[in-house]
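Reader: I'd like a close look at one part of this protein, the sheet and what is tied to it. Could you put it in the context of the whole chain as you go?

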Amino acid sequence: MAPAMNTVTVDVWFDLVCPWCWIGKHNLAQALKRLRATDPGLQVEVAWHSVQLIPQTPPQGWPFDAFYEKRLGSREAVLARRAQVIEAASRAGAPIDYTRLTVFPNTAAAHRLLAAGQAQLAPAAFDALLTRLFEGYFTQGENLGDADVLAAIAAAQGVDPAGPAAQDEPGMEAASQGVPFFVFNRTWALSGAQPADVLWSALRQAASAVA
């Protein structure tokens with residue numbers, strides 16, 4: 001169904017272990033806050049689509065530092081990338097504590113929890129669940145592949161992991177473009193953790209295209 005004339009839809013593809021997705025979520029929140037001030041009559045509907053970037057991760061995960069050293073080629077490359085991430089995260093207000101990150105987890109079960117949350121929770125409560133998973137990983141170093149960790153989060157957020165779950169389409173756009181990947185009104189696309197002002201402009205552009 002096409003969005004209403006005064007509504008913009010935003011589809012976001014992401015993975016929970018991607019720091020740029022955590023940063024992108026904060027930047028989108030800032031853009032939406034600005035939009036409420038500049039365009040108070042405009043409604044925005046955000047749909048989150050989780051994508052497991054590295055499905056071959058074993059159930060127990062990999063040691064965090066060893067995984068990134070192998071992925072990026074050297075300890076120096078890891079530290080350079082980490083500095084880049086921390087700078088962007090600081091600008092976005094997205095806390096990341098690398099001293100707590102010891103496991104690169106298999107996120108399949110966490111994605112299933114999100115699917116259950118999408119089916120069972122109101123949008124604001126689902127956003128709280130998504131934020132809780134991101135924060136648990138990036139600020140507390142929680143292993144999002146651990147069944148006990150996920151069970152505790154599910155109980156606290158009011159989700160029945162064995163209950164109804166949303167069925168999402170494969171993230172083909174994200175698979176080809178990388179995440180985070182934003183699509184506005186199913187037409188305008190942006191890839192990467194774009195700054196809040198870029199996302200704000202894209203929202204207004206998408207709104208004007210259907211006005």
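What radius of gyration would a compact globule with 211 residues have, and what does the protein chain have? Once that is settled, take me through the sheet.

Author: Happy to. One caveat up front: this is a predicted model.

On your opening question, a compact globule with 211 residues would have a radius of gyration near 17 Å, and the protein chain has 17 Å, so the two agree. Along its principal axes, the C-alpha trace spans about 50 × 40 × 30 Å. As for what is tucked away, 44% of the 211 residues count as buried. The contacts reach a fair way along the sequence too: taking those with a separation of 6 or more, 75% are between residues 24 or more positions apart.

The chain has 8 helices and 6 strands. Reading from the N terminus, the elements go β-α-β-β-α-α-β-α-α-α-α-β-β-α.

Now the sheet. It is an open one of 4 strands, in the order E2-E1-E5-E6, and the pairing is mixed. E2 and E6 (188–191) are the edge strands, each pairing on one side only. From one strand to the next, the twist averages 15°.

Let's start at the E2 end. E1 (residues 7–14) and E2 run parallel and are joined by 8 bridges. If you want a pair to click on, try Trp13, whose bridge partner in E2 is His49. Helix H1 packs on the sheet here, touching E1, E2 and E5 (181–184), and its direction makes about 170° with that of E2.

At the other end, E5 and E6 run antiparallel, with 4 bridges between them. Phe184 stands opposite Trp188 in E6. These two strands form a hairpin with 3 residues between them, and Asn185 in the turn has a positive phi of about 50°. As a reminder of what holds all this together, strands of a sheet pair through backbone hydrogen bonds, either parallel or antiparallel.

Next, go to the loop between H1 and E2, where you'll find Asp39. Asp39 counts as buried because its relative accessibility is 19%, and the cut-off for buried is under 20%. Leaving aside residues up to four places away in sequence, Asp39 touches Trp200 and Arg204. With Arg204, the contact is a salt bridge between the side chains, 2.9 Å from N to O. Arg204 is in helix H8 (residues 196–210) while Asp39 is in the loop between helix H1 (19–38) and strand E2 (43–50), so this pair ties together parts that are 165 residues apart in sequence. Unlike buried Asp39, Arg204 is partly exposed, at a relative accessible area of 35%.

That salt bridge has company, as a search of the whole structure finds 8 of them. Another one is formed by the side chains of Asp65 and Arg75, at 3.9 Å from N to O. Here Asp65 is in helix H2 (residues 64–72) and Arg75 in helix H3 (residues 75–92), so the pair ties together parts 10 residues apart in sequence. Both partners are partly exposed: Asp65 has a relative accessible area of 32%, and Arg75 has 30%.

Then there is Glu142 with Arg132, a salt bridge whose closest N and O atoms are 2.9 Å apart. Glu142 is in the loop between helix H5 (123–138) and helix H6 (147–157), whereas Arg132 is in H5, 10 residues apart from its partner. Arg132 counts as partly exposed, at 26% relative accessibility. Going back to Asp65 and Arg75, they belong to a network with Glu69 and Arg82, joined by salt bridges that share partners.

One last stop is Pro105, in the loop between strand E4 (103–104) and helix H4 (108–120). With 2% relative accessibility, Pro105 counts as buried. Not counting residues up to four places away in sequence, Pro105 touches Val17, Thr57, Gly61, Tyr137, Asn143, Leu144 and Gly145. Look at Leu144 in particular: Pro105 and Leu144 are 39 residues apart along the chain, yet their C-alpha atoms are separated by 5.9 Å.

Conventions
Residues are numbered from 1 along each chain as its sequence is written. This is a predicted model: local features need pLDDT of at least 70, side-chain atom pairs count only at pLDDT 80 or more; totals for chains, interfaces and linings use all residues. Side-chain values use heavy atoms; hydrogens and water are left out. Buried means under 20% relative accessible area, exposed over 50%, partly exposed in between (1.4 Å probe, protein chains only). Contact means heavy atoms within 4.5 Å. A salt bridge is a side-chain nitrogen of Lys or Arg within 4 Å of a carboxyl oxygen of Asp or Glu. Two strands pair if DSSP finds at least two bridges between them. Axes are lines fitted to C-alpha atoms, for helices over the stretch in contact, and angles run from 0 to 180 degrees between N-to-C directions. The radius of gyration is taken over C-alpha atoms; the globule rule is 2.2 Å times the number of residues to the power 0.38.
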